[in-house]
Amino acid sequence: MIEISNLSVSVKDRVLLNGISAVMEDGKIYALLGENGSGKSTFIRALTSYFPDYSGSIAFDGRELKTFRQKEREKLHSLLPQMLPHFDISVSSFLSMYPDGKKELSKLGLGYLLEERMNTLSGGEKEMVFLAFALSRSAQLYAFDEPEAGLDAMYKEKTENAVRRLAEGGKTVLVSFHDIGRALRIADGFIILSHGELVFSGNREELLDDNAIERIFGLKRALFTDENGEKHILFI
C-alpha cells in the first residue's frame, strides 16, 4: 500500500502540488486525471523520487520514502516517463540492461524489434520498447505518464493488457490519462488534480456518483448500448 499525506512540491517558490492526500492499494490500477498543467507529471515524479525535497509524506507499506536508501528506492518503483530519451543503440542492447527486458518485449508480441536500432523506431514502437523496459523492472509501484499518447489502437490494447497483468500480479499501477473514457474502462481508482490540488480521490462508482468529471472537465454524460447489449458511459 502507498499512502500519500499532505504532499506538497515547490520549485523556485512556485507551488506545483499543494496538500495532496490519497491511498493506493496493491493489485489495483489508478488513473491520474487532470487538465494540462494540473500537476500530474509532478505527482508521478514525486512518488518516483525525482523531487526529494517534497513536504508531507509518501509511505510505501508504512515506511516513509525519504528513509529509503538510493538502491532501495530503485526497487520501489518503475517509471515510464512522458518524454522518452534518444539512444543510438540496438533495441536488444537497451533491453539487456535488465534480464527480463527482451522477454517482456516478446510478451507484447514485438520481439521482431530486437535487432532494430532505437533511433530508427516509430514513435509507437519506441513507446512499446520503453514499456517493455519498465515492465522488466521488479517494483512495487509502476507509474506510466501518458503511456497511450499518440498510440494506435493495437498498441493501446497492448499497453492496457500489460497494465492489467501488473495489477493481477499484485502490483500498484498509476497511469496518467487524457482520455477519460479509457481511464474509466481500465482503472479501479481515480485521482484527479487541478492546479496542483486534489479535487477527487475514489473508486469508479464514487467518481460517477460525485459527477466529478462533469464539474471538473465541463463534459456531459451520455449513455449508449453496444451491439452486445452492454451499456456504456460516454463523456462528450
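**Close-up 1. Isoleucine 236 sits in the segment after strand S12 (231-235).** In this predicted model, start by finding the end of S12 and stepping into the segment that follows, where isoleucine 236 lies. Is isoleucine 236 buried or exposed? Its relative accessibility is 60%, so isoleucine 236 counts as exposed. Now look for its partners: Phe224, Leu234 and Ile236 form a nonpolar patch on the surface. Together, these three residues have about 290 Å² of accessible area.

**Close-up 2. Six strands form an open sheet with mixed pairing.** To find your way across the sheet, follow the order S6-S7-S8-S3-S9-S10. Which strands are at the edges? They are strand S6 (77-80) and strand S10 (197-203), each of which pairs on one side only. On average, neighbouring strands of this sheet are turned by 15° against each other, with direction ignored. Helix H6 (residues 153-168) packs on the sheet and touches S3, strand S7 (141-145) and strand S8 (172-176). The direction of H6 makes about 150° with that of S8.

**Close-up 3. Strand S9 pairs with S3 in the parallel sense and with S10 in the antiparallel sense.** Take the S3 side to begin with: strand S3 (residues 29-33) and strand S9 (residues 189-194) pair over four bridges. Which residue of S9 is the bridge partner of tyrosine 30? It is glycine 189. Now turn to the S10 side, where S9 and S10 pair over six bridges. Here phenylalanine 190 stands opposite glycine 202 in S10. As you trace the strands, keep a handy rule in mind: in a regular strand the side chains alternate between the two faces of the sheet. S9 and S10 also make a hairpin, with two residues between the strands. In that hairpin, look for histidine 195, which takes a positive phi near 55°.

**Close-up 4. Arginine 69 and glutamate 72 form a salt bridge.** This is one of the 11 salt bridges that the structure holds. The closest N and O atoms of the pair are 3.7 Å apart. Arginine 69 counts as exposed because its relative accessibility is 58% and the cut-off is over 50%. Glutamate 72 has a relative accessibility of 24%, so it counts as partly exposed.

**Close-up 5. Aspartate 88 and arginine 117 link distant parts of the chain.** These two residues form a salt bridge, with their closest N and O atoms 3.2 Å apart. Where do the partners lie? Aspartate 88 is in the loop between S6 and helix H3 (91-95), while arginine 117 is in the loop between helix H4 (101-107) and helix H5 (123-136). Along the chain, the two residues are 29 residues apart. Arginine 117 is partly exposed, with a relative accessible area of 38%.

**Close-up 6. A salt bridge joins glutamate 157 in helix H6 to arginine 185 in helix H7 (residues 180-186).** The side chains meet at 3.5 Å, N to O. This pair, too, links distant parts of the chain, and its members are 28 residues apart. Glutamate 157 counts as partly exposed at 33% relative accessibility. Arginine 185 is also partly exposed, with a relative accessible area of 45%. Which residues belong to the network here? Salt bridges that share partners join Glu157, Glu160, Arg164, Arg182 and Arg185 into one network.

Notes
Residues numbered from 1 in each chain as written. Predicted model: local features only at pLDDT ≥ 70, side-chain atom pairs only at ≥ 80, totals over all residues. Heavy atoms only, no water. Pairing = 2+ DSSP bridges. Axes fitted to C-alpha atoms, helices over the stretch in contact; angles between N-to-C directions. Contact = heavy atoms within 4.5 Å. Salt bridge = Lys/Arg side-chain N within 4 Å of Asp/Glu carboxyl O. Buried < 20%, exposed > 50% of the residue type's maximum accessible area, 1.4 Å probe, protein only. Patch = residues over 30% accessible without salt bridge, like charges linked within 9 Å, V, L, I, M, F, W, Y side chains within 5 Å. Areas by Shrake-Rupley, 256 points an atom, 1.4 Å probe, with all protein chains shown as cover.
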